[in-house]
Protein chains: 2
Amino acid sequence: MPLVNHKFTLASRPVGMPKRENWAYVEEPVRDLGTGEVLVKVLLISLDPAMRGWIRDQRSYVPPVPIGEVMRALALGKIVRSENPKFSAGDYVTGTLGLQEYCISDGKGLMAVDSRLAPLPKFVSVLGMTGMTAYFGLLETGQPQAGDSVVVSAAAGAVGSIVGQIAKIKGCRAVGIAGGAEKCRYLISGLGFDAAIDYKSEDVGAALRGACPNGVNVYFDNVGGEILEAALANLARGARIVICGAISQYNNTGATVGPRNYMSLLVNRASMKGMLVFDYASRFPEAVREMAAWMAEGKLKSREDIVNGLEKFPEAFLKLFTGENFGKLILKVAED
Amino acid sequence: MPLVNHKFTLASRPVGMPKRENWAYVEEPVRDLGTGEVLVKVLLISLDPAMRGWIRDQRSYVPPVPIGEVMRALALGKIVRSENPKFSAGDYVTGTLGLQEYCISDGKGLMAVDSRLAPLPKFVSVLGMTGMTAYFGLLETGQPQAGDSVVVSAAAGAVGSIVGQIAKIKGCRAVGIAGGAEKCRYLISGLGFDAAIDYKSEDVGAALRGACPNGVNVYFDNVGGEILEAALANLARGARIVICGAISQYNNTGATVGPRNYMSLLVNRASMKGMLVFDYASRFPEAVREMAAWMAEGKLKSREDIVNGLEKFPEAFLKLFTGENFGKLILKVAED
């Protein structure tokens, strides 16, 4: 019985929010392996806001996904066949496996998963690119010092929730901005944030002044737009803004809005710096070990929002932009 | 004969471009000195774009000039009377002497001028705050490395012209953006820039791609607006943007325009950082000595645009915003 693969390819480039017709669901036989290749059965796919950028036809840090190609996605899978001496059937790996059931890889870019450290979903969440983004973005780009006020937007989201908890581990004050009372309660009672601001019901600028009376030392931005401006308006001297994402702008059909008060960087001798997690790839194993230890000590929690079935992708992906998901959004493609 | 002082005070806060009626020209007797005070005869006043910010009613790095008070201005003067043991009649000093003929000071913030190093106007230009801004902004905030492409806007201006020349001294490629063919010619033949872009007649984005085929490593921004966006669109990986000013925005009556493509910071792992020269005050003497040596070696040139007469201030100040001035704009108040 030859194996059959199902996958989503990019049918057309979305304008605004991606629609069902922008995707094609394709069935194909799985071909034989060549020398050095492995066949990976995809188990868990990470759904990330960055994917919206990958299907836009513009210069970025990776080329756009071509029309007709399988949609790019980070995922966790299990090696089922191997013609590569570095991998054996039964190994768990993560990598850019794509939005599909089976991925054939030459092994480059695959990372081994030590499944004794944590349950598998954690490896596409807190111990995956999501957690790495939070870890290196906050610690390397944000340079938090004990006692600093660290503010993060999309704080109940996959990256934001980890940023706030690492800030606490490092002796900072953690302030989260999230949408809705339930998420705000979770930040404080569930994750130990010092303060939470509900952007849906509060004036974020005024609330930030209250929560950070001495100003914001580190602002980790996942959203852009007016919340970035509210943070700029409340910077402490020498503040660091980490530019990790701008989800409020990703589905814009008009022009992106730039931060009108960016001259606050001058007034406060502050910086705004972009980060990309892939630059830290050589240090991922060290970070995974440290994060796993924090999890074992109960200092670091993560929540996964798991949607079952590859075919659910088009609707599930939109949850990232409507604010519906709560925790790391994962598409479960197959049982282990 | 008691001395008489003339000064400009702020009569009202300008909306848009400052007008004559925003200023009051006031005559007053010079009072006697108290203990520890000095009387400074103002000779040369530095006219700077930053002064537009000082009369805006908003939180900044210094409090706004109050209505009815003498306009804040950096200047060079000569001590004519001293009740302060640190200063003697005949000493030259620079400091925030204000837009007036005589300043009474307690000596705090006055810096001694070693007039053997260079002619006096240089001390409110390349050896004054202007030059210090270029020196510390480029070297400390911009962190140029030999071989880098360093781009500066308002390049024929007081700060910009020094930035480009220091970039050359440090082994970088210097690209200046200025308004008009004459200024562009001056950058190349007069100051040794490698390339000059005339924003009045060229598409700055396209011209930057041509002048910096490997991208912009350091962009020193004096102007903001569309030129900042053109630089953001052409960054090299790991680029540094120095936010020194935003002269295109200072007389806006509408909202400031933020850089719409600031997410280029993420794509290029780049940073945008504000700088204020006053933070480096303790290192000014060292920088003045180094800059004076470069001048003596013929590696660093500066051009001063000197307007005679304190009463010319209201019109002279506007030259900064219309692009009419060429080199450092100085108001000469009195002969030495």
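This is a short walk through a two-chain model, from the single chain to its domains and then to the contact between the copies. Keep in mind that the model is predicted.

I'll start with chain A on its own. Chain A has nine helices and 15 strands. Its C-alpha trace spans about 65 × 45 × 35 Å along the principal axes. The radius of gyration of chain A is 20 Å, close to the 20 Å from the globule rule for 336 residues, so chain A is as compact as a globular protein of that length. Of those 336 residues, 49% are buried. As for contacts within chain A, take those between residues at least 6 apart in sequence: 66% of them join residues at least 24 apart.

Next, the domains. The domain assignment splits chain A into domain 1, with residues 4–125 + 303–332, and domain 2, with residues 129–278. So much for the bounds; now the spacing. Between the centres of domain 1 and domain 2 of chain A, taken over C-alpha atoms, there are 28 Å. The two domains do touch: domain 1 of chain A puts 15 residues into the contact, and domain 2 of chain A puts in 13 residues. On the domain 1 side, the residues that touch domain 2 are seven nonpolar, six polar and two charged.

Now the pair of chains. How are chain A and chain B related? Chain A superposes on chain B by a rotation of 180 degrees, with 0.0 Å of shift along the axis and an RMSD of 0.0 Å. The two copies are thus related as by a two-fold rotation axis. In chain A, the residue that comes closest to that axis is G258(A), whose C-alpha is at 2.2 Å.

On to the interface. Chain A contributes 26 residues to the contact, and chain B contributes 26 residues. Which elements of chain A supply at least two residues each to the side that touches chain B? They are helix 7, residues 264–267, and strand 13, residues 271–274. Strand 13 of chain A gives the most, with four residues. By type, the chain A side of this contact has 15 nonpolar, seven polar and four charged residues.

Strand 13 also pairs across the interface. Strand 13 of chain A and strand 13 of chain B run antiparallel to each other and are joined over three bridges. M272(A) has M272(B) as its bridge partner in strand 13 of chain B.

One last point on the surfaces used. Of the interface residues of chain A, 100% are also interface residues in chain B, so the copies meet through the same surface.

Terms used: Residues are numbered from 1 along each chain as its sequence is written. Chains are lettered from A and ligands numbered from 1 in the order in which they are written. This is a predicted model: local features need pLDDT of at least 70, side-chain atom pairs count only at pLDDT 80 or more; totals for chains, interfaces and linings use all residues. Copies are superposed by least squares on the C-alpha atoms of residues with pLDDT of at least 70 in both. Two residues are in contact if their C-beta atoms, placed from the backbone, lie within 7 Å. Ala, Val, Leu, Ile, Met, Phe, Trp, Tyr, Cys and Pro count as nonpolar, Asp, Glu, Lys and Arg as charged, and the others, Gly among them, as polar. Two strands pair if DSSP finds at least two bridges between them. The radius of gyration is taken over C-alpha atoms; the globule rule is 2.2 Å times the number of residues to the power 0.38. A residue is buried if 20 or more other C-beta atoms lie within 10 Å of its own, exposed if 12 or fewer, and partly exposed in between; C-beta atoms are placed from the backbone. Domain bounds come from an automatic or database domain assignment.
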